[in-house]
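Student: I'd like to go through this model with you and ask what lies behind the labels people put on it. Could you take me through the reasoning?
Tutor: Gladly; let's put it on the screen.

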Amino acid sequence: MHLMKVDPRALKENPDRMRLTKSTPLADALLLATIKAVGIVQPPVIAPETSGGNGYIITAGHRRVRQAIAAGLEEIDVLVDDAANDNGAMRSMVENIAREALNPVDQWRAIERLVALGWTEEAIGVALALPVRQIKKLRLLANVLPAMLDQMTKGDMPNEKQLRTIAAASPDEQREVWKKHKPSKADPQVAWYSVANGLEKTRMYAKDASFDDDLAKAYGIAWVEDLFASADEDSRYTTDVEAFLGAQQEWMANHLPKRGVIVEADTWGRAKLPPKAEQVYGRPGKSDHAAMYLDREGKVQTVHYRLPEPKKAKAKGEEVGGAAGEEGVVVSRPRPDVTRKGIEMIGDFRTDALHEALARAPIEDDTLLALLVLAFAGRNISIASGASGDVYGYARMDRHAARLVGNEGKLAFDRETLQQAARGVLIDVLSCRENRTDTGIVARLAGDAIGADGFLPNMGTDEFLSCLSRAALEGSCKDTPVLPRQKVKDTRAALVEHFKAERFVHPLALFAPDAMKLASWLVKHEASEDDDLDEGSAEPDAAEPADALDGEAYGVAAE
């Protein structure tokens, strides 16, 4: 190593330098003032280029060189040295820490660089005079989403508690929360408390566990060390709350004292004692009872209580009752054979198997029709029925499905019952009413298929004909002996009189849908071979308006 003078402008920056984030303006201003006043006290360290050039690369002192140029110095003293085996990684980190504290993200990246170069956590701790626990804590930032790290390098840092919560979450969980709370141009700052709240999970600590390691393994509990906690305490925890509480329950069952019971906790986290029981706060007696329970933090707690004396028998030979309130103990329920997560997995398995069977298994026509009736009675089906006058009423589909189930809990029906149930379902589902119950174009297709036009009532009444425009009213006179009158009401009265003996159905009331609208509907909903039957993103057809009797009337109704 030797000292020499060089033009600071001729030095090249190290692309693999330690400090990536910008220094604070105050620190740069202070360094510039110092250089202008007394010059550079500690010369920067440079090394010859190893990639074929004749220049020098800055190993340590990028800020000093940059501020020397800002101060207008023509030459500065530098120390020339060969690059170390680790390319000067440790020396660069020590230099930067001594000059100005590194950003935590830069510290983490520097430590990861040293680990990749063969440094152990213990050796890094010794070299930097930092405890190994602090080195491990910084390495937790490896679990933070890169997009969050980029935001942190800008100086927008969460506090230690928030950082601990973020680092403990999985990358997928972090990614989902970051989508909701990432910064925007209007608000460049991140609400880290919202990010942490979105990733917060209930923790059950090993220090609160009464069970041993064998029981923990039996319940699949894997402890995770909280490196942000104090080093002198057991900070291990798990987020598998169900497994933790299950292990605690089993431990209590195996360690029940004499005259002891397991009870539940109330809203305030206290034991639910039997009615008229008095809690013993002092030393319990031999006849007192013990109640074990889990508090809000999952800790095993024990309280003692005393029951009142049993009542004496009123008559000779009458049995003396037991201790009052003995039967009133609220015993906590044992852990179920299958947890809630397991029940949810079973539901997924059943659904996939049911869909596979519906798609591939052979099904008779009668059974298929019965299954369709059952499907409409499902708990996830809500049908605004047009079968009643109540606009806001819902179809009661269960009564149709119940007719198809026998005494043994299996499908049992005759063909007539099946047809009646299917007809009832269709009546409750299909509607052409101009309100929230409108089924859409499929109801028109259904009516056309079964000849529902023949069941339309006589529309040649004064009430309906008054809804027609002059042109539509005069058009209704076609194929009748009625001639249009000068006044609309006279034409309407003549038509009403004529249709008393005949049946009149307006052409727009017929079920057959308009050919162009039907073609448009078919194109919009045409299924292809690539369609996913499970796709749930398609919008319902409820927004499609039904045909109106005339454009003017529909326009008024739409407004």
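Student: What makes strand 5 and strand 7 a pair, and in which sense do they run?
Tutor: First, keep in mind that this is a predicted model. Two strands pair if there are at least two bridges between them. Strand 5 and strand 7 are joined by two bridges, so they meet that condition, and they run antiparallel. One position to look at is Y205, which stands opposite Y237 in strand 7.

Student: What makes strand 5 and strand 6 edge strands?
Tutor: The sheet is open and has three strands in the order 5-7-6, with antiparallel pairing. Strand 5 (204–205) and strand 6 each have a single partner strand, so one side of each is left without a neighbour in the sheet.

Student: Where is E233, and why is it called partly exposed?
Tutor: E233 sits in the loop between strand 6 (224–225) and strand 7 (236–238). Its relative accessibility is 38%. Buried would need under 20% and exposed over 50%, so E233 falls in between and counts as partly exposed. In space, E233 and K207 are 8.7 Å apart, C-alpha to C-alpha, with their positions 26 residues apart in sequence.

Student: How do you know that strand 2 pairs with strand 3, and which residue stands opposite V45 there?
Tutor: Strand 2 (residues 45–48) and strand 3 (residues 56–60) share four bridges in the antiparallel sense. At least two are required, so they pair. In strand 3, A60 stands opposite V45.

Student: And how do you know that strand 2 pairs with strand 4?
Tutor: Two bridges join strand 2 to strand 4 (residues 76–80), and these strands run parallel. The requirement is at least two bridges, so strand 2 and strand 4 pair. V45 appears here too, opposite L79 in strand 4.

Student: Which residues of helix 2 are buried?
Tutor: In helix 2 (residues 62–70), they are H62, R63, R64, V65, Q67 and A68. Buried means under 20% relative accessible area. Just after helix 2, G72 takes a positive phi of about 85°.

Student: What is notable about the phi of R259, and why is R259 called partly exposed?
Tutor: R259 has a positive phi of about 60° although it is not a glycine. It is found in the loop between helix 12 (241–254) and strand 8 (260–262). With a relative accessible area of 40%, R259 lies between the cut-offs of 20% and 50%, so it is partly exposed.

Student: Why is D479 called exposed?
Tutor: The relative accessible area of D479 is 76%, and exposed means over 50%, so the label follows. D479 lies in the loop between helix 19 (470–475) and helix 20 (488–498). Its phi is also positive, near 65°, in a residue other than glycine.

Student: Why is D462 partly exposed, and what is it in contact with?
Tutor: D462 has 45% relative accessibility, which is not over 50%, so it counts as partly exposed. D462 belongs to helix 18 (residues 462–465). Leaving aside neighbours within four places in sequence, D462 is in contact with R492 and V496. D462 and L495 are 33 residues apart in sequence, yet 8.6 Å apart in space, C-alpha to C-alpha.

Student: Which residues of the largest nonpolar core touch the most other members?
Tutor: Of its 19 residues, these are V144, M148, L149, M152, I166, W192 and V195. Helix 4 (104–116), helix 7 (146–152), helix 8 (160–168), helix 9 (171–181) and helix 10 (192–199) each supply at least two residues of this core. Beyond its neighbours within four places in sequence, V144 is in contact with L149, M152, L163, I166, A167 and Q174. There is also a second, separate core of 16 residues, including A452, L456, A494 and F499.

Student: What makes I346 eligible for a surface patch?
Tutor: A patch residue needs over 30% relative accessible area. I346 has 32%, so it passes that cut-off, and it counts as partly exposed. I346 is in helix 13 (residues 340–360). Together, I343, M345, I346 and F349 form a nonpolar patch with about 360 Å² of accessible area.

Methods: Residues are numbered from 1 along each chain as its sequence is written. This is a predicted model: local features need pLDDT of at least 70, side-chain atom pairs count only at pLDDT 80 or more; totals for chains, interfaces and linings use all residues. Side-chain values use heavy atoms; hydrogens and water are left out. Buried means under 20% relative accessible area, exposed over 50%, partly exposed in between (1.4 Å probe, protein chains only). Patches are made of residues with over 30% relative accessible area and no salt bridge: like charges are joined within 9 Å, nonpolar side chains (Val, Leu, Ile, Met, Phe, Trp, Tyr) within 5 Å. Accessible areas come from the Shrake-Rupley method with a 1.4 Å probe; for residues, only the protein chains shown count as cover. A salt bridge is a side-chain nitrogen of Lys or Arg within 4 Å of a carboxyl oxygen of Asp or Glu. A nonpolar core is a set of buried Ala, Val, Leu, Ile, Met, Phe, Trp, Tyr and Cys residues joined through side-chain atoms within 4.5 Å. Contact means heavy atoms within 4.5 Å.
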